[in-house]
Amino acid sequence: MSSLPPNRLQAILTLGRISNLPTIWTNCIAAWLLNRMGREIPVFELPPAGKSLPSLAWSEWGWILLGASLLYVAGTTLNDAFDEEFDREHNPERPIPSGALKGWETWAIGIVQMLTGAAILLIQSGVNWLFLVMLCGTILAYNAVHKKWGGSVFLMGGCRLFLWWTVATAGMGFDHSLSPLVVVWSVGLLVYIAGITFVARGEATGSLPALPWPYLLLFAPAFLGLFFCLYGTRFLALPLAAILAIGIFHGLRTAKGGGPGIGRGVAFWLALITVGDALAVALVSPAWGWALLFAFPLCLMIQKKYAAT
């Protein structure tokens, strides 16, 4: 069986923005754990310290991470498919205008990835089908309108929110309800992603938003984590909230330099999603939360080979 030529394989991996995949994996772990640990607990409350963690077979985790990863790379691949005409004019180095892949091939790859990822999550992981449909629909909606509607930044955030909701319900034999902790934290992630996306729009022009509110959105998960650490007396997670806030500020300083600095800042913020997930997990299990920090340098390492945006 012949393998893909290196340039075509490179193009497929570039389309998939694979340097961001660790953020998908930590999203999955955080969403599932917070949903299992946060059942029957009032909003803004945390489970008792020392509560035993739920378990899920490694094979089941494999299906969850594979399905979620395929949906992510499907979304980024279809982003280039939708943007073919724009990229031919403004981004000739992208895989389609550069000739590495044809437009119809990109559409076919993205659709197959989405259908396969959705089937895996539904059949092998038993996720809530409605949340899964909402996730796929939001991915397609964002790709269709993001060049035409400023409010699409919240659709991008909605992709992560519905990923959390979908994976939170994974596991055969579990009911499909969402804990208040998952809902609150996923909304904070939506706000964060919206802020990143708003700033990222200036990457092509080298200019930053004139209004300050997109930068404030970036600090949503750090403030949310700080609140839970102090109100819930989870002081072992407090350094993670500080690391996240400092990282966001570092990305802001980088982006403020304009030009290529915007892209570097955006890429750094994307990698910081893993730190936000580590903080969320540390609220219910400090050991697992700190362990998830490995994903942050992993993102930065892969970004050296494959661009995050």
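Which element gives the largest share of the lining of the second largest pocket? I started my notes there. The model is a predicted one. My answer is α2, with 6 residues.

**Entry 1: second largest pocket**

I looked up the volume and found about 400 Å³. I then listed the lining, which has 18 residues. Nearest the centre I noted Ile29, Leu33, Trp58, Trp61 and Trp288. I checked which elements supply at least two lining residues, and got α2 (21-37), α3 and α14 (286-291). By class I have 16 nonpolar and 2 polar residues in this lining. I found no charged residue there.

**Entry 2: largest pocket**

I moved on to the largest pocket, whose volume is about 1200 Å³. I have 38 residues lining the largest pocket, and the closest to its centre are Arg17, Asn79, Tyr142, Met156 and Thr309. I noted the elements that give two or more residues to this lining: α3 (58-82), α4 (84-90), α6 (129-145), α7 (152-168), α8 (180-200) and α12 (260-271). Which of them gives the largest share? I found that α3 does, with 7 residues. I split the lining of the largest pocket into 18 nonpolar, 10 polar and 10 charged residues.

I also wrote down α3 for both pockets: it gives two or more residues to the lining of the largest pocket, and at least two to that of the second largest pocket.

**Entry 3: cavities**

How many cavities of 30 Å³ or more are there? I count 2.

I took the largest cavity, which holds about 50 Å³ of space. Its lining, as I listed it, is Trp185, Leu189, Tyr192, Pro221, Leu244, Leu272, Ile273, Gly276 and Asp277. I found that α8 and α13 (273-282) each supply at least two of these residues. I sorted the lining by class and got 7 nonpolar, 1 polar and 1 charged. Since Gly counts as polar and Asp as charged, I assign the polar place to Gly276 and the charged one to Asp277.

I then turned to the second largest cavity, with about 30 Å³ of space. I listed Gly38, Ile41, Pro42, Val43, Phe44, Glu45, Pro180, Leu181 and Phe228 as its lining. I get 7 nonpolar, 1 polar and 1 charged residues for the second largest cavity. Here I assign polar to Gly38 and charged to Glu45.

Note on methods:
Residues are numbered from 1 along each chain as its sequence is written. This is a predicted model: local features need pLDDT of at least 70, side-chain atom pairs count only at pLDDT 80 or more; totals for chains, interfaces and linings use all residues. Side-chain values use heavy atoms; hydrogens and water are left out. On a 1 Å grid over the protein atoms alone, a cavity is a set of points where a 1.4 Å probe fits but cannot get out, and a pocket is an open set with protein on both sides within 12 Å along at least five of seven lines; lining residues have an atom within 4 Å of a point. Grid points are joined across faces, edges and corners, and a volume is the space filled by probe spheres set on the points. Helices (H or I, at least four residues) and strands (E, at least two) are DSSP runs, numbered from the N terminus.
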